[in-house]
Amino acid sequence: MKNNLTLFQIIILGIFGALALGGMVYFATGTYGSSSGQVGEVLIWGTLDDRVFNAVMRDLAEDNPALLQTTYVEKPIETFSAELSEAIASGRGPDLYVLQSDYILKDFPKIFPFLSAGEKFSISERVFKDTFIDGAELFWSSQGALGIPIAVDPMVLFWNRDLLATAGFAEPPTEWEDLFDIAERATRRDSSKSILKSAIALGEYDNVTHAKEILSLLILQAGSAITERDEAGRVRPSLQRSSLDITQPAQNALRFFVEFANPTKTVYSWNGSLPQSRTMFTNGDLLLYLGFASEIPVLRAQNPNLNFNVAVVPQLKDTSKALTFGRIYALAVPRGSKNETGARSVALLLGSKPTSALLAKARGTPSPRRDLLADPADGPEGVMRDSAIRTKGWLDPDPTQSGSVFRNMVDGAVSGSARLSEASQRAERELANLLGL
């Protein structure tokens with residue numbers, strides 16, 4: 001590891017020497033110095049909190065005056081993709097932007113990659129993969145790195161201490177099979193069988209916060225990559241592809257997901273008439289909530305008296321490869337950047353070890369760098385680090401449209417209008433259509 005990072009330092013130093021910028025970026029250590037302002041004006045767009053980003057940039061600029069001309073602008077997540085495309089097309093785009101991992105495939109035509117060899121700001125595949133977590137490999141393409149990872153937001157399990165104790169359990173579940181017993185003992189219903197308190201929100205789509213992401217988690221754990229590249233480099237759906245030891249992974253994941261919305265089952269704990277699952281959790285009526293690490297301050301703000309904790313998401317029994325779903329954020333250079341050189345130098349600085357540590361602390365979520373996740377930690381921080389290391393994702397053709405694919409799959413299975421096999425097969429075909437196959 002140490003040798004690989006030293007190699008990266010040499011590469012970056014060589015680049016800046018060749019460009020005669022008069023400044024230095026050490027990707028591994030993050031030390032940076034320039035007093036002559038050659039970085040220039042760099043405009044960054046993203047959906048991450050601007051207060052966090054700009055606070056970090058102000059701290060960095062105290063020792064690096066060249067960064068005083070770097071500005072971060074927060075954009076609404078709902079309209080960000082469309083606004084970015086329009087701005088690039090009209091020549092008004094940013095110099096850098098925060099690329100979310102589930103938009104990699106959709107945004108690919110918009111990006112200038114960090115080439116793997118022989119050009120300015122070259123980054124080798126080996127250095128990239130040795131520096132960042134496995135899940136960040138989604139940002140690696142045949143043309144090089146599509147962006148420099150700066151943040152990871154893994155899915156974790158939030159649990160209500162009071163409800164868990166009331167149900168007679170000392171610890172949250174570590175395996176999905178444990179949920180059956182918890183659901184039977186923790187879910188409370190009235191005389192008309194309406195759910196008053198629920199063990200977990202699974203089985204519906206519209207009122208399960210992060211339903212698509214939870215299904216992605218279950219499918220990935222079951223052994224399907226959801227999408228993958230073929231030998232020609234084309235991305236294809238793989239929901240129906242079985243691994244060596246698991247058959248019908250998507251169908252098995254769907255079966256487990258919808259089990260908890262079946263009123264004829266003893267584990268019945270959720271239906272479409274209940275509030276959003278996050279609201280149910282903050283109201284104190286949901287024992288287990290699958291959400292993202294970044295939601296901790298949101299949950300606390302919504303109910304300061306809520307007695308909850310966080311754990312790693314459950315895994316399959318006897319699994320040899322533990323994982324969770326998560327989003328990874330990287331700084332990408334869009335086509336049409338007016339200051340490509342300055343943008344790349346800022347991206348490398350923000351992806352460096354010290355700066356990545358600053359961003360992680362400011363955001364309250366882990367860094368995607370291996371060297372910042374290596375040290376053990378206790379409590380929620382330990383959960384975040386473990387979850388970050390295990391984070392996986394998939395190449396999504398279009399996050400909005402694929403959400404409809406997942407909704408159709410769940411609705412068909414829950415309503416009984418489609419068998420589990422039919423629902424997962426239809427989802428495979430619909431993903432293929434989105435991929436233009």
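Here are a few short exercises on helix packing and burial, worked on a predicted model.

**Exercise 1. Work out how helix α9 sits against helix α16, and which residues make the contact.**

Step 1: Start with the two axes. Helix α9 covers residues 249-259 and helix α16 covers residues 420-434; their axes come within 9 Å and cross at roughly 120 degrees.

Step 2: Put a word on that angle. Roughly perpendicular runs from 65 to 115 degrees and roughly antiparallel begins over 145, so α9 is oblique to α16.

Step 3: Check the hand. The crossing of α9 past α16 is right-handed.

Step 4: List who touches whom. From α9 you get A250, Q251, L254, R255 and V258, and from α16 you get L420, S421, A423 and S424.

Step 5: Sort that set by character. This contact of α9 with α16 has five nonpolar residues, three polar ones and one charged.

**Exercise 2. Pick out Q251 and decide: buried or exposed?**

Step 1: Find Q251, which lies in helix α9.

Step 2: Look at its partners. Skipping residues up to four places away in sequence, Q251 touches L420, S421 and S424.

Step 3: Apply the cut-off. Buried means under 20% relative accessible area, and Q251 comes in at 10%, so Q251 counts as buried.

**Exercise 3. Do the angle job again for helix α8 and helix α15.**

Step 1: Helix α8 (residues 211-222) packs on helix α15 (residues 399-415) at about 75 degrees, and the axes are 10 Å apart.

Step 2: The band from 65 to 115 degrees is the roughly perpendicular one, so that is the label for α8 against α15.

Step 3: On the α8 side, the residues are K212, L215, S216 and I219; they meet P399, S402, G403, F406, M409 and V410 of α15.

Step 4: By character, the contact of α8 with α15 splits into six nonpolar, three polar and one charged.

**Exercise 4. Find which residues touch the most other members of the largest nonpolar core.**

Step 1: That core holds 72 residues, and F158 and L202 are the ones touching the most other members.

Step 2: Ask which element gives the largest share: α8 does, with eight residues.

Step 3: Zoom in on L202. Beyond its neighbours within four places in sequence, L202 has contacts that include L179, V208, F256, W270 and L290.

Step 4: Don't stop there, as a second, separate core has 57 residues, among them V39, I44, L60 and L96.

**Exercise 5. Locate R369 and say whether R369 is buried or exposed.**

Step 1: R369 sits in the loop between α13 (353-363) and α14 (379-389).

Step 2: With 0% relative accessibility, R369 counts as buried.

Notes:
Residues numbered from 1 in each chain as written. Predicted model: local features only at pLDDT ≥ 70, side-chain atom pairs only at ≥ 80, totals over all residues. Heavy atoms only, no water. Axes fitted to C-alpha atoms, helices over the stretch in contact; angles between N-to-C directions. Helix = DSSP H or I, 4+ residues; strand = E, 2+ residues; numbered from the N terminus. Parallel < 35°, antiparallel > 145°, perpendicular 65-115°, else oblique. Left-handed = near helix turned anticlockwise from the far one by under 90°. Contact = heavy atoms within 4.5 Å. Nonpolar A, V, L, I, M, F, W, Y, C, P; charged D, E, K, R; others polar. Buried < 20%, exposed > 50% of the residue type's maximum accessible area, 1.4 Å probe, protein only. Core = buried A, V, L, I, M, F, W, Y, C linked by side-chain atoms within 4.5 Å.
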